[in-house]
Amino acid sequence: MGKYELFMVILIVSGYGFVDGLRMDYYFMMNCPFAEGIVKNIVNRHLQADPTLAAALIRMHFHDCFVEGCDASVLIDSTKDNTAEKDSPANLSLRGYEIIDEVKEQLEIQCPGVVSCADILAMAARDAVFFAGGPVYDIPKGRKDGTRSRIEDTINLPPPTLNSSELIRLFGQRGFTAQEMVALSGAHTLGVARCSSFKHRLSNFDSTHDVDPTLDAQFAKTLSKRCTSDKSEQAFDTTKDTFDNDYYNALQRKTGVLFSDQTLYNNPRTRGIVNAYAFNQAMFFLDFQQAMRKMGLLDVKEGSKGEVRANCRIIN
């Protein structure tokens, strides 16, 4: 049996079973069968109005899961006594909170106290991938919301200056293989980066060094013209609102925007994976959805270890 046939069997079987204590049919069991439909309808309506929010929702899910696990801690607002994750410099550019708020409001009307903010965010990210042209896949549900959100915890988020070896080590600490890390990096097929995250690669921002030699010289000039301020933006690839494998083609052309992107092609350990995904989009889609499902299980809170917030921004 080939890899693709085996994956379809796993999908069919897991649809009726458990995944680390979560269930694919969790909200049917909890008498809230329309939960996923409500999430998808609201997400799609917002993405039709602003397709750039697809990248925002996927990024928010990643930033949630890599800090204290997939427990919606990134959604909690700061208070006078606590600075929350969302006010960390790494999270100040996150967008899409209003989508999660609207979904939660509708679900509280339909099924009060049943659907967690953590599940809403995981489902919204999944639906954003499909909306943008990526693979369709199911995820297990039943996560509970965390009760901690502190700015100091965001130190676990990978900065855009890490090289491939450092990324392999960081993701490895969370149980991911090098291939899974490269697949998850493919989420950068959507969205943009701010100049503050890559200007160190350009000589005109720092006279002490030349342009990053791993960056195509002509593309470096384009970036230099683009960066009129730290908030200026550059798309990760040529199809910024379409989920495809063009991100990996960009790395082959030495036009990866972030150092942490281009390093995946520069390192022999990950270059072969980049080349494979650039050549075979179906392989990328398959590996990406498997890695996303795995990421969605990071340090999940279950039962009494968490809660279902009435308002995603406030701990009960």
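This report describes a helix pair, the disulfides and two residues of positive phi in a predicted model.

## Packing of H4 and H6

Helix H4, which covers residues 53-65, packs with helix H6, residues 117-131, at an angle of about 140°, and the two axes are 8 Å apart. Because an angle has to be over 145 degrees to count as roughly antiparallel, H4 and H6 are described as oblique to each other. The crossing of H4 and H6 is left-handed.

On the H4 side the contact is made by Ala54, Leu57, Ile58, Met60, His61 and Asp64, and these meet Leu121, Ala122, Ala124, Ala125, Ala128 and Val129 of H6. Sorted by class, the contact of H4 with H6 contains 10 nonpolar residues, one polar residue and one charged residue.

## Disulfide count and pattern

The count of disulfides in the model comes to four. When the bonded cysteines are counted along the chain, the pairing follows the pattern 1-4, 2-3, 5-8, 6-7. Three of the links are described below, namely Cys32 with Cys111, Cys65 with Cys70, and Cys195 with Cys227.

## The link of Cys32 and Cys111

Cys32 is joined to Cys111 by a disulfide with an S to S distance of 2.0 Å, and the link is right-handed, with 85° about the S-S bond. Cys32 lies in the loop between helix H2 (26-29) and helix H3 (35-49), whereas Cys111 lies in the loop between helix H5 (97-110) and H6, so the disulfide ties together parts that are 79 residues apart in sequence.

Each end of this link can also be placed by its accessibility. Cys32 has a relative accessible area of 2% and is therefore buried, and Cys111, with a relative accessible area of 9%, is buried as well.

## The link of Cys65 and Cys70

The sulfur atoms of Cys65 and Cys70 are 2.0 Å apart and form a disulfide. The torsion about the S-S bond of this pair is about 120°, so the disulfide of Cys65 and Cys70 is right-handed. Cys65 and Cys70 are both buried. Cys65 falls within the range given for H4, residues 53-65.

## The link of Cys195 and Cys227

A disulfide also joins Cys195 to Cys227, with an S to S distance of 2.0 Å, and with -95° about the S-S bond this link is left-handed. The pair links distant parts of the chain that are 32 residues apart, with Cys195 in the loop between strand S3 (192-194) and helix H9 (217-226), and Cys227 in the loop between H9 and strand S4 (233-235).

Cys195 is buried, given its relative accessible area of 1%, and Cys227 is likewise buried, with a relative accessible area of 6%.

## Positive phi in the loop between H4 and H5

Glu68 is not a glycine, yet it has a positive phi of about 65°, and its place is in the loop between H4 and H5. Ala72, also in the loop between H4 and H5, has a positive phi of about 60° although it too is not a glycine.

The accessibility of these two residues is as follows. Glu68 is partly exposed, with a relative accessible area of 31%, whereas Ala72 has a relative accessible area of 0% and is therefore buried, since the buried class covers values under 20%.

Terms used:
Residues numbered from 1 in each chain as written. Predicted model: local features only at pLDDT ≥ 70, side-chain atom pairs only at ≥ 80, totals over all residues. Heavy atoms only, no water. Axes fitted to C-alpha atoms, helices over the stretch in contact; angles between N-to-C directions. Helix = DSSP H or I, 4+ residues; strand = E, 2+ residues; numbered from the N terminus. Parallel < 35°, antiparallel > 145°, perpendicular 65-115°, else oblique. Left-handed = near helix turned anticlockwise from the far one by under 90°. Contact = heavy atoms within 4.5 Å. Nonpolar A, V, L, I, M, F, W, Y, C, P; charged D, E, K, R; others polar. Disulfide = S-S within 2.5 Å. Buried < 20%, exposed > 50% of the residue type's maximum accessible area, 1.4 Å probe, protein only.
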